[in-house]
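Here are some short exercises to help you find your way around a new structure. Have a go at each one before you read the worked solution.

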Amino acid sequence: MPGDSRISRRTVLKGAAGAAFGVGSLAALKLPFFGTSDRTQDPADCFAKDLSASEKQLIISNWPGYMDEDEPTTLQDFEKRTGIKVRYDIDVNDNNDFFAKVSNQLGSCESSKRDMFMLTDWMAARMIQVGWIQKLDAAKVPNLHANVIDALKAPGWDPGRDFSAPWQSGLTGIAYNKKKVKEVRSFADLLTRDDLKGRISLLSEMRDTMGFMLLINGADPSDFTDADWEKGVETLKKARGDGQIRAFTGNEYIQDLSAGNILACEAWSGDVAAAENEDLVFVTPEEGLMIWADNMLIPNLATHKENAEKWIDYYYEPEIAARLADYVYYICPVKGAEAEMEKIDPDLLKNKTLKNLIFPDEETLSRTSGFMALTEAQARRYEGDFSDVISG
């Protein structure tokens with residue numbers, strides 16, 4: 001089992017923003033101004049010859065803390081089984097930063113020098129929309145289509161999983177410290193209860209926090225209108241103006257929740273699992289949950305596409321997925337992995353809290369919502385609205 005030295009993918013993602021326990025620095029954060037309208041492509045017109053048959057290699061970019069390390073690792077076993085040598089780079093630290101690394105090449109129909117990278121839903125959607133991602137050959141990734149969990153099977157931005165495959169996933173909900181406060185059941189409670197005033201935090205990730213503002217008002221985060229959005233922004237403004245919110249944070253909230261500096265907060269399931277603190281309880285809010293995933297994508301001009309598809313199909317084998325899940329502690333996107341975990345680490349499944357965070361039951365997953373894919377204009381406006389509230 002991994003120890004405290006493991007780096008959380010979300011720690012890196014939010015730590016890159018340099019957020020302290022407060023909002024003073026947030027106004028300086030860069031918004032995702034993609035500037036891709038003149039660089040839209042047809043992947044069919046921007047491709048390279050696939051050299052997989054003659055070059056047994058694969059170049060992958062991923063987030064830190066997202067691969068098992070107990071030897072033999074799943075990566076080592078992939079290399080042994082397939083004969084494909086993998087260069088596995090840990091160079092995705094932030095979606096926008098990674099976009100900046102590859103946008104000039106991909107936008108100009110030039111090679112990014114990578115065969116695969118993993119990006120979060122909204123950035124994956126953006127790259128697919130502008131035509132920078134190759135379509136997967138469904139016949140070469142049968143395990144993906146047979147085994148991806150229903151909650152991640154058909155996102156609005158890639159309903160057939162034609163271009164993407166979830167690598168790992170997580171839930172956003174509520175966490176509270178049961179030693180310090182009574183149960184918090186809903187976001188309505190979080191934003192209004194007197195005993196929580198000034199002792200809660202929300203996330204500085206716009207899609208997570210605003211997803212709940214939409215849910216509170218009865219809107220669907222996966223399909224909402226400008227009017228729904230404006231109502232959600234007003235809900236957030238009111239909670240901030242009432243002094244209910246102590247801070248908007250990245251995942252440093254875990255330390256403050258453990259110490260009692262905050263009593264309850266918006267939280268990511270993986271953080272609560274990794275904290276291994278029995279006093280911290282992750283709750284499915286009455287309004288529902290937000291779900292997100294980081295996705296495997298094969299960019300235009302990748303020269304080892306078939307090798308990348310072998311990688312996807314391999315990690316959608318339930319036994320391989322279970323071995324990975326036993327290390328990374330995020331939601332496993334693969335059906336059948338829980339049964340394999342019985343053989344690999346039965347003690348993990350005896351820990352009900354941990355089990356439910358890695359293998360949520362169907363009832364929990366049925367209450368999840370993804371965030372609607374945004375156009376470039378919507379992304380600019382909505383990120384600006386959100387930033388005005390949390391940094392104002």
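Before we start, a helix such as α15 is a DSSP run of H or I at least four residues long, and helices are numbered from the N terminus. Keep in mind that this is a predicted model.

**Exercise 1. Find out which elements line the second largest pocket, and which of them gives the most.**

Solution.
- Start with the space itself: the second largest pocket holds about 570 Å³.
- Next, look at the middle. The pocket has 24 lining residues, and Lys 352, Thr 353, Leu 354, Asn 356 and Leu 357 are the closest to its centre.
- Now go through the elements. Those that give two or more residues to the lining are α10 (269-275), β8 (280-283), α15 (352-358) and α16 (362-365).
- The top contributor is α15, with five residues.
- Finally, sort the lining by class: you get 12 nonpolar, six polar and six charged residues.

**Exercise 2. Work out how α12 and α13 are arranged, and which residues meet.**

Solution.
- Two packed helices are described by the angle between their axes and the distance between the axes.
- Here, α12 covers residues 318-328 and α13 covers residues 337-344; their axes come within 8 Å and cross at roughly 65°.
- Angles of 65 to 115 degrees count as roughly perpendicular, so α12 is roughly perpendicular to α13.
- The crossing is right-handed as α12 passes α13.
- On the α12 side, the contact residues are Pro 318, Glu 319, Ala 321, Ala 322, Arg 323, Ala 325 and Asp 326, and on the α13 side they are Ala 337, Glu 340, Met 341 and Ile 344.
- By class, seven of the residues in the contact of α12 with α13 are nonpolar, four are charged and none is polar.

**Exercise 3. Do the same for α3 and α4: are they roughly parallel or roughly perpendicular?**

Solution.
- Take the numbers first: the axes of α3 and α4 come within 10 Å, and they cross at roughly 25°.
- Angles under 35 degrees count as roughly parallel, and therefore α3 and α4 are roughly parallel to each other.
- Their crossing is right-handed.
- From α3, Asn 95, Asn 96, Phe 99 and Val 102 take part, meeting Trp 122, Met 123 and Met 127 of α4.
- The class count for the contact of α3 with α4 is five nonpolar, two polar and no charged residues.

**Exercise 4. Say how many cavities of 30 Å³ or more there are, and what lines the largest cavity.**

Solution.
- Rolling a probe the size of a water molecule over the atoms shows where empty space is left.
- Counting those of 30 Å³ or more gives two cavities.
- The largest cavity has about 70 Å³ of space.
- It is lined by 10 residues, and the closest to its centre are Trp 122, Arg 126, Arg 207, Ala 373 and Leu 374.
- Helix α4 (residues 121-129) supplies the largest share of this lining, four residues.
- Split by class, the lining of the largest cavity has seven nonpolar, one polar and two charged residues.

**Exercise 5. Look at the backbone around Pro 72 and Lys 113, and place each residue in its loop.**

Solution.
- Begin with Pro 72, which sits in the loop between β1 (57-62) and α2 (74-82).
- The peptide bond leading from Glu 71 to Pro 72 is cis, and its omega is near -5°.
- Move on to Lys 113, in the loop between α3 (95-107) and β3 (116-120).
- Lys 113 has a phi near 65°, a positive value in a residue other than glycine.

Note on methods. Residues are numbered from 1 along each chain as its sequence is written. This is a predicted model: local features need pLDDT of at least 70, side-chain atom pairs count only at pLDDT 80 or more; totals for chains, interfaces and linings use all residues. Side-chain values use heavy atoms; hydrogens and water are left out. Axes are lines fitted to C-alpha atoms, for helices over the stretch in contact, and angles run from 0 to 180 degrees between N-to-C directions. Angles under 35 degrees count as roughly parallel, over 145 as roughly antiparallel, 65 to 115 as roughly perpendicular and the rest as oblique. A crossing is left-handed if the near helix is turned anticlockwise from the far one by less than a right angle, and right-handed if clockwise. Contact means heavy atoms within 4.5 Å. Ala, Val, Leu, Ile, Met, Phe, Trp, Tyr, Cys and Pro count as nonpolar, Asp, Glu, Lys and Arg as charged, and the others, Gly among them, as polar. On a 1 Å grid over the protein atoms alone, a cavity is a set of points where a 1.4 Å probe fits but cannot get out, and a pocket is an open set with protein on both sides within 12 Å along at least five of seven lines; lining residues have an atom within 4 Å of a point. Grid points are joined across faces, edges and corners, and a volume is the space filled by probe spheres set on the points.
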